Amino acid sequence: MTEQMRRLIETFTKVGVTGPDIVQEIARFRVLDQIITQSGEVREWGITPKELFELAQTSTVDMFGPLPYDEAGFKEIYGISFSVELMDFISATGYYEGVSAGRQWAVPMQEVIDFHKNTEGIILFAYFEEYAAIAEEIMQTLPTDRLLFYTPSESCYDLFRSLYPLAPVINEWPEDVIFDHIVAATSGMFTAPVTTMEEMAARVNNVSEKGTVRYFIPVSAVQDQLNMNRVALQFMILQNHLESVREWAPLQSYEFRYGLGPVKKVDLSICEIVGDGYKQTNFIPLPHEILASMETFSLAHYGLSLYGVQVSMNPKHPTMGEDGYMHGDYRIPTYMQRMFEALEGYYLQVSMKGIDVSVTLEHKQGIPLGASPEDETVQNAMEQSVLQDDTIAYRWYFNHPSAPFLWYTYFNSEEGKQVVRTLASMVTTTPALLQLMGSCRRQVVKEEVLAAFTASFTTSLEQYETEKAQAETNWANALARLANDIVPEPTVLSDETKEEVEG
């Protein structure tokens, strides 16, 4: 959250507007601004603050309800409301559920937009609640009569209908409708992955003969390859017009690109966003049947297998992404990230220099796990917590107290070190590495064994810390003794010498 956003919240709070109501008032002012911009009379003669307040009362009440402040309060908050981008404010605060600015999608979506500048026909953009800010850019770049936006989020639907009354927005995916092109992008921020997979699989062939499909599906849906998720995934892989599968890091998303077909082999790669572009690591293409027959389909695991690294491939085994969450995960609002920073517990800290990766276990003091976010102590700690600087190290947090011990053991074994080094060779940034690490699978550990493992681990850790502290003390004492032989004795100046120096 930026300092400007903080100032805006403080200003709104002073006039009695808080939480989600701030978003509603900012949206009201955006609509009001559109009204006065489209008025020829206002453009010619201008408008006074009093007239603007009266216009807000007469033109926005039906859409947003009565104004919860007087004219003086209106003057306080109207101007400052334009100091922030509405979608960015929604994403940063988490005040308005079901909508995200989604600027992290800018790179792959720019590729999509550029592609469709040269196509014809209707394009369905689905799940745009996760890339709401990009949706505005899409409407400005591509002809509106070619566009249709679908969102299952009622709040996103209502917000866009208010901000863009003429926008082609729907909140139900049309059954059995054939489109010329379909673009769907979601990382599972608002919609359960299993629901997304079923919906996408059911519509993958709902395109015209020369149509194209680009699905960006959640990594979590690929990690969870049981029951309907597995059936849906295999169905999508077996389509003979599937041209390529790409994993986008750190977007937490897989891209399935369907063309005109038929295609014999599927191109496979990992796309890592770097600045305003991306770096692509290509793997050996495979036929659809081989991809669908893999016990566990994963580009990270496929890449490891190409390097001769053997890892767990059982889809029933938990992934790191199921056990914890990454530092800086854009799917988590800033205020929630601050809360996690304020909680006590262990976490894994990951630092990367080339393929040299360090995974260390760090203990963090803080609020006990399970504390309510509404508790005043939690609120104060959240305000004081400082989000980690992205230029240093990155963390994996875990809600289960034993999970960090399991994964620390995993990545510090000889096999685990080889796994993480190999994954690091596929990407160049730590956030991208964290995503690939999230697809690693560990053995299922039963409760009794887990309790014994945790007890043994913590005992060994305490012993290590004690011996380490003693070793550091011994080392410091040894250095002090050795220093006696090489550090000169300090010279004591006589009174006469002192007078000469001072003179």
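In this predicted model, Ser 81 is buried, with a relative accessible area of 0%. The residue is placed in the loop that runs between helix α6 (71-78) and helix α7 (86-93). When neighbours within four places in sequence are set aside, the contacts of Ser 81 are with Leu 8, Phe 12, Ile 26, Phe 29 and Arg 30.

The two helices that flank this loop also take part in salt bridges, of which a search of the whole structure finds 15. Side chains of opposite charge can pair when their charged atoms come close. Lys 50 forms one such bridge with Glu 71, the closest N and O atoms lying 3.9 Å apart. Because Lys 50 belongs to helix α4 (residues 49-59) and Glu 71 to helix α6, this pair ties together parts that are 21 residues apart in sequence. Both partners count as partly exposed, Lys 50 at 47% relative accessibility and Glu 71 at 22%. Glu 71 is also bridged by Lys 75, with 4.0 Å between the closest N and O atoms; here the two residues both lie in helix α6, 4 residues apart, which corresponds to about one turn of the helix. A further salt bridge joins the side chains of Arg 103 and Asp 88, at 2.7 Å from N to O. Arg 103 is located in the loop between α7 and α8 (106-116), whereas Asp 88 is in helix α7, so the pair ties together parts that are 15 residues apart in sequence. Arg 103 is partly exposed, with a relative accessible area of 42%, and Asp 88 is likewise partly exposed, at 23%. Elsewhere, salt bridges link Glu 111, Arg 214, Arg 246, Glu 255 and Arg 257 in a network.

The nonpolar interior was examined next. The largest nonpolar core holds 74 residues, and the members that touch the most other members are Tyr 215, Phe 256, Phe 297, Leu 423 and Met 437. For Met 437, with neighbours within four places in sequence left aside, the contacts are Met 320, Val 350, Val 359, Trp 396, Phe 411, Val 420 and Leu 423. A second core, separate from this one, comprises 64 residues, including Ala 56, Ala 101, Leu 142 and Val 183.

Several features of the backbone geometry also deserve mention. Most residues other than glycine have a negative phi, and most peptide bonds are trans. Against this background, the peptide bond that joins Ala 249 and Pro 250 is cis, with omega at about 0°. Pro 250 lies in the loop between strand β6 (242-249) and strand β7 (253-258), and Gln 252 is found in the loop between β6 and β7 as well. Gln 252 has a positive phi of about 55° although it is not a glycine, and this residue is buried, with a relative accessible area of 9%. Asn 227, which is not a glycine either, has a positive phi of about 55°. Asn 227 is situated in helix α13 (residues 227-238) and counts as exposed, at 68% relative accessibility. The two residues with positive phi thus fall on opposite sides of the burial limits, because a residue is taken as buried under 20% relative accessible area and as exposed over 50%, with Gln 252 at 9% and Asn 227 at 68%.

How values were computed. Residues numbered from 1 in each chain as written. Predicted model: local features only at pLDDT ≥ 70, side-chain atom pairs only at ≥ 80, totals over all residues. Heavy atoms only, no water. Buried < 20%, exposed > 50% of the residue type's maximum accessible area, 1.4 Å probe, protein only. Core = buried A, V, L, I, M, F, W, Y, C linked by side-chain atoms within 4.5 Å. Contact = heavy atoms within 4.5 Å.
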